[in-house]
Structure formats: structure tokens, C-alpha cells
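Thank you all for coming, and please have the sequence and the structure open while I talk. I will go through a few places one by one, and then step back to the whole chain.

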Amino acid sequence: MAWTKYQLFLAGLMLTTGSINTLSAKWADLFKAKGCYNGDEHSFSHPFVQAVGMFLGEFSCLAVFYLLLCHDRRRPEPKMNPGQSFNPLLFFPPAMCDMTATSIMYIALNMTSASSFQMLRGAVIIFTGLLSVAFLGRRLLPSQWLGILITILGLVVVGMADFFSGHKDDEHKLSEVITGDLLIIMAQIIVSVQMVLEEKFVYKHDVHPLRAVGTEGFFGFFILSLLLIPFFFIPVGDFGDNPRHVLEDALDAFCQIGNQPLIILALLGNTVSIAFFNFAGISVTKEISATTRMVLDSLRTLVIWAVSLALGWETFIGLQVLGFIILLVGTALYNGLHRPLLARMPCCARFVDREEESNPAERERLMADGSVQGGEDS
């Protein structure tokens, strides 16, 4: 079934804001400024402070939801569907998954190279697809399975590009790199659990996407903010890239922001973009599927790579072009973009019909989602 205009808008919004989110976070990491303890400038390396800002952006969606709801109720005929009443604690598990996975990935990024980080994040598509089949009763089409495999292959090629081009990370030991890679894979399993929990919850309780994102942000913001206190006293040696070598030094982060105001601009870009990104992401989960959300999330690599080249943050590597082409082919296969082309070919049309007939339950679900969306738009 073809995507509606609303679904295409959500996909584009997720791709754009997700790219801005990563680019703004990288921009913040490039700054050097004086801290609280000495006069020397050092890099702005405060991943947990950035994570708190990320959850603040999600939390702001809750305020926007209630503002829109109040404005809608003043109309003679309210059109906004606030969704069913629910226990907010039901969103506590996905919020903790989000917080845990984000923290693990930040830690792993300090132990391995950025190319390995991007490559291994693609593993989330495999885990989300498997969990969707196991726990949501989803039946993926053969072309969707092939699209997932090709997408993973594309991410692997992109990740290996730095290795073949000679850009190796000599700052970390081999044991640290392996540990970081394993942590990234572990984080993707947690992210997959989060996506499936959200999809199952949204379908069952009909929660408005803004309310769902805001509720997760509420839990993540306050819990991680409280965790910054013990993080300030936990020594981690050379693992901590801050003057005191602790897990996180929030005071040093604020001092650096005061000495370099442009850092706050990057952090605000991260906070605002994550609010729109997560709203679009959970809406894609509701309107399409959790696996589609993961494919779109992995496609951000293309936009981030192109912008990084334009800004001079990275050098051009020919192997990455091949990786992105493979990635786009896998995404097209998963989203069924090959079906209109094959349907016009008499020799291939029967394969398209056979694939659709092999999964009537999924087709009925998509048709039901389309009718629900039509009701909400009216």
C-alpha cells in the first residue's frame, strides 16, 4: 500500500530533524573552551549533559500537547483526539530503555571509532525486525527481509570505509575497541526493545504521539538529571575526558558554556531537533511500523555524511559512496518502492501479486491504519 502524504511528511520530518540533531551534537563536541578548574582550553566532552538536553527536548513535547489541547477545546467543535487515558508509568520502561541505550552508546563512542559506531548501529534493524515478528505478530514480506539485509550490508560498507582508507584510530587499544563495539550492539538490542514497546503501547492505548514523547522525556530528564550528582563523584581515570576524570562533570560543562556562548546554540539545536525528531519517530511507529522507523533512522547517515563533507568535517572516501548506494537500495526494497516498477513488467508482475497475497494480515493492518488516519484528518 502506498504511503499517504501525511506519512511522507512524517518520514521527511524524522530524517531532517534527526540529521540536525546529530550534526548539532557533533558541532558542540568540536568546541574548545576554558572550564572551571584551570585556564587551559579543553574539548567540550560532556555526553550526559547533552543527553539531559535531549530528554528536555522530549519533555517539551508534553507542554506543546497540552497547549494544543487547550486551544482545540475552545473551538465550537474540537477536532483534536487526545487519546485514551492511561497510566503514565506504562511509558517508564521505554523511557528507561532510551536512557540506558543512549548512555551506553555515548560510552562506547569514546572507546571505538566513529565509523564502527555508525556501522554497528545498523544492527538495530535486525533486532527490531525479529522482535516485531516475535512479539507483535508481524509478518514481513520477503522483499522487506531482503531490504533489511541489504541495508545492513550498506552500513557495513560505510563502516569499513575508514578502515580501508587508512583512517584508523590509534588512540585506543584493541581491547577497548572490541568492548566498545560490543556495547554498541548491546545498545541496539535495548533500542529495539524500546521501539517494539512503543509500537505495542501506541496501538493498544491510542496515545497521542506528543503525549507519548513528552511522557518518556519527563522520566528521562528527571532521572538522568538526578544521576548527574553521583556521576560527578565517580572516578573513571583516563576514560573521562574532563579535567577531573570523572564520569560526568556538569559544573565544568556550564563553565565552558559561559566561556563559549556558541556551545549553547549547538545544545539548543540538539534539544529542539530531538523534540521534533522523536515526535516524528513515534508517529512513524504508529502510522507505519517500528522497522520502518529504524530504516529511516539509519538513512540519516547519508545526510550527515553529505553535510559533514560540505563543512569540511570529513574527507571524501569513495567506498562510502558505494555503501550509501547499497543503503538506499535496501531502504527502497523494504518500503516497496520496487513494486510499481516490477508491476509494469509482465514477467515480474506475478511476483509482486504473490508477495502481497502471502501476507494478507499485514495488508489488512495497513488498510486499517489508513482508515484511522483518514478519520483523524477529518
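Let us begin with Thr271, which counts as buried because its relative accessibility is 14%, and the cut-off for calling a residue buried is under 20%. I should say at once that we are looking at a predicted model, so please hear every value today as something computed from that model. Thr271 lies in helix α10, and if we set aside residues up to four places away in sequence, Thr271 touches Gly53, Leu56 and Gly57.

From there we can move to helix α2, which covers residues 47-73, and to a residue within this helix, Glu58. Is Glu58 buried or exposed? With a relative accessibility of 1%, Glu58 counts as buried, since the limit for that word is under 20%. Leaving out its neighbours within four places in sequence, we find Glu58 in contact with Asp98, Val213, Gly214, Glu216, Gly217, Ile274 and Asn278. There is also a pairing that you would not guess from the sequence by eye: Glu58 and Thr215 are 157 residues apart in sequence, while their C-alpha atoms are 8.0 Å apart in space.

Now let us look at how helices α2 and α8 are arranged. Two packed helices are described by the angle between their axes and by the distance between those axes. For α2 and α8 the angle is about 145°, and the axes are 7 Å apart. The crossing in which α2 passes α8 is left-handed, and the residues of this contact divide into 20 nonpolar, five polar and three charged.

That brings me to the nonpolar cores. In soluble globular proteins, nonpolar side chains tend to be buried together. The largest nonpolar core here has 32 residues, and the members that touch the most other members are Met14, Phe48, Phe55, Leu224, Phe231 and Val284. Which elements give two or more residues to this core? They are α1, spanning 5-30, then α2, then α3, spanning 92-109, then α8, and finally α10, spanning 262-287. Of these, α2 gives the most, with eight residues. There is also a second, separate core of 17 residues, and its members include Val124, Leu140, Ala187 and Met195.

Let me stay for a moment with Phe231, one of those well-connected members of the largest core. Apart from its neighbours within four places in sequence, Phe231 is in contact with Phe48, Leu224, Val246, Leu247 and Glu248.

Next, please find the loop between α8, residues 209-231, and α9, residues 250-259, because Asn242 sits in that loop and is buried, with a relative accessible area of 6%. What does the side chain of Asn242 reach at 2.7 Å? The partner at that distance is the backbone nitrogen of His245. A polar atom of the Asn242 side chain also lies 2.9 Å from the backbone oxygen of Val246.

His245 deserves a closer look, and this residue too lies in the loop between α8 and α9. Most residues other than glycine have a negative phi. His245 has a positive phi of about 55°, although it is not a glycine. At 35% relative accessibility, His245 counts as partly exposed.

Two more places show residues from distant parts of the sequence coming together in space. In helix α11, residues 290-311, we find Ile304, which is buried, with a relative accessible area of 12%. The C-alpha atoms of Ile304 and Ser19 are separated by 5.8 Å, although these residues are 285 residues apart along the chain. Ile304 is in contact with Ser19, Thr22 and Leu23, once its neighbours within four places in sequence are left aside. The other place is Ala332 in helix α12, residues 318-334, which is partly exposed, with a relative accessible area of 23%. Between Ala332 and Ser143 there are 9.6 Å from C-alpha to C-alpha, and the two are 189 residues apart in sequence.

Finally, let us step back to the whole protein. Its secondary structure comes to 15 helices and two strands, and buried residues make up 50% of its 378 residues. Among contacts between residues at least 6 apart in sequence, 80% join residues at least 24 apart. Thank you for listening.

Definitions and conventions:
Residues numbered from 1 in each chain as written. Predicted model: local features only at pLDDT ≥ 70, side-chain atom pairs only at ≥ 80, totals over all residues. Heavy atoms only, no water. Helix = DSSP H or I, 4+ residues; strand = E, 2+ residues; numbered from the N terminus. Buried < 20%, exposed > 50% of the residue type's maximum accessible area, 1.4 Å probe, protein only. Polar contact = N/O pair within 3.5 Å; in protein donor to acceptor, adjacent residues only side chain to side chain. Axes fitted to C-alpha atoms, helices over the stretch in contact; angles between N-to-C directions. Left-handed = near helix turned anticlockwise from the far one by under 90°. Nonpolar A, V, L, I, M, F, W, Y, C, P; charged D, E, K, R; others polar. Core = buried A, V, L, I, M, F, W, Y, C linked by side-chain atoms within 4.5 Å. Contact = heavy atoms within 4.5 Å.
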